[in-house]
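Work through the exercises below with the coordinates open. Try each task before reading its solution.

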Amino acid sequence: MLVTIPDKWNQFTIEGIFKDYWQVPKGLIHEWRMGKEVFVNNQFRSWNSSLKAGECIQIPIFTEEIEVSVHPSDLQISILYEDEHVLIANKPAGLDTHPSSPDQVQSLLNGAAYHLFAEGRPGMIKHIHRLDRDTTGAVLFAKNRLAGSMLDKMLEDRKIKRTYVALCEGILAKNQGTISEKIGRDRHHATRRRVSPTGQTAVTHYQVLRRYPKKKLSVAKCSLESGRTHQIRVHFSHIGHPLAGDSLYGGKPVYPRQALHAYKIEFIHPITEETIVCRAPFLDNPPIFPDIHLP
C-alpha cells in the first residue's frame, strides 16, 4: 500500500504513524520493522526519522503472505460496500456470522471468502463483530491485518456505530428510552442470557418508529453502548416487550425468527478517514417490516 504523507502527518516518524496515529499492535509493528519492507520514496529509512508532507510511504499489507484458513462457500451473499481494506455484507437469517468449528463452511465469513475468491482476490477476511444466527443486517469485515487491527480498536472504543430496528410485542409507552441493565449467562440454559447484577454492563437506547395498536406491536430503532450477546433481545424481554418471534426470550412464534435487523453501520474509515454510512435493506420474504422506511 502506498500512502502520500498529508500535511497533518508532517514531522511524524514512521514509528509514530504506526504506534501513535494508527495505534497498530506492537507485534505487527515489530514484524514490519524486522522485515525491512517499509519504504519512504522507494528507499529504506530509519524508523525514527521525520517524514515530510508529500513523501510516499510504502507498507506491505498487500504483499504479505497470509494463510487463507476460511473455506470459500458460494452462498450468494449480498455485498453492501467494499474497498481495498473493508467489506460490509448483508447477513440473511439462518446463517452464522462465522464458523463455530473447523468443518463448518456455511457461514457469512465463508460466503465473504468466496466473494473474494470469485473476484480473483483470495486473501485475508476477518469479521469485526457478529450478529446472532437469526438476526439479519450489516456485518463489517476487514481485508488485511492493518485494517483489522484498527477496526478492532475502533469497536473497542465504540467508534463504530451500529443501528438496529426491532419489532417488539406490546405498545411501548415512551417515544424513546434507555435500558441500562447488566447481562450475564443463564446457568439453566446453554445459550440464553439474562439480566444479572453480576453480569456485564449493557446499555440500549431506543426510539419508537411506529406503533400498531390493533396488532399490539411496536417498532423501535435501537443503538448500543455495548455489544453483549443477545443484548437487545434480553433488554426488551426484561421490560416486558420481547421481540416478536423470539421464542427464546418469551416472544410469540408469529415469525420464523426474532424480528431484529441491523440496518445501518457508521464509522470513519481507518485508512482513508472517509465517513462510511452503510444501510442494509431488509431481506425477509415475506417481509417482517413491510411498511417501515428507515432514516
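Partly exposed means a relative accessible area between the buried limit, under 20%, and the exposed limit, over 50%. The model is predicted.

**Exercise 1.** Classify Asp 157 and its salt-bridge partner by exposure.

*Solution.* Start with the contact. Asp 157 and Lys 153 meet through their side chains in a salt bridge, 2.7 Å from N to O. Next, take the acid. Asp 157 has a relative accessible area of 31%, so it is partly exposed. Then take the base. Lys 153 also has 31%, so it is partly exposed.

**Exercise 2.** Find how far apart in sequence Arg 145 and Glu 31 are, and state what their pairing ties together.

*Solution.* First, confirm the pair. A salt bridge joins the side chains of Arg 145 and Glu 31 at 2.6 Å, N to O. Now place both ends. Arg 145 belongs to helix α4 (residues 145-156) and Glu 31 to helix α2, so the bridge ties together parts 114 residues apart in sequence. Finally, check exposure. Arg 145 is partly exposed, with a relative accessible area of 25%. Glu 31 is partly exposed at 38%.

**Exercise 3.** Locate the two ends of the salt bridge between Glu 273 and Lys 8.

*Solution.* Begin with the distance. The closest N and O atoms of Glu 273 and Lys 8 are 2.5 Å apart. Glu 273 sits in the loop between β15 (260-268) and β16 (275-279), while Lys 8 sits in the loop between β1 (2-4) and α1. The two are 265 residues apart, so the pair links distant parts of the chain. Then grade the exposure. Glu 273 is partly exposed at 31% relative accessibility. Lys 8 is partly exposed, with a relative accessible area of 48%.

**Exercise 4.** Decide whether helix α5 is largely enclosed or not, and list its buried residues.

*Solution.* Count first. Helix α5 (residues 231-238) has eight residues, and six are buried, so the rest of the structure largely encloses it. List them next: Gln 231, Ile 232, Arg 233, Val 234, His 235 and Phe 236. Now follow one of them. Arg 233 joins a salt-bridge network with Arg 130, Asp 132 and Asp 246. Last, step past the helix. Gly 240, just after α5, has a positive phi of about 90 degrees.

**Exercise 5.** Describe how β5 and β6 pair.

*Solution.* Take the sense first. Strands β5 (residues 78-82) and β6 (residues 86-91) are antiparallel, paired over four bridges. Then trace the connection. A hairpin of three residues joins β5 to β6. Finally, find a facing pair. Tyr 81 stands opposite Ile 88 in β6.

How values were computed:
Residues are numbered from 1 along each chain as its sequence is written. This is a predicted model: local features need pLDDT of at least 70, side-chain atom pairs count only at pLDDT 80 or more; totals for chains, interfaces and linings use all residues. Side-chain values use heavy atoms; hydrogens and water are left out. Two strands pair if DSSP finds at least two bridges between them. Buried means under 20% relative accessible area, exposed over 50%, partly exposed in between (1.4 Å probe, protein chains only). A salt bridge is a side-chain nitrogen of Lys or Arg within 4 Å of a carboxyl oxygen of Asp or Glu.
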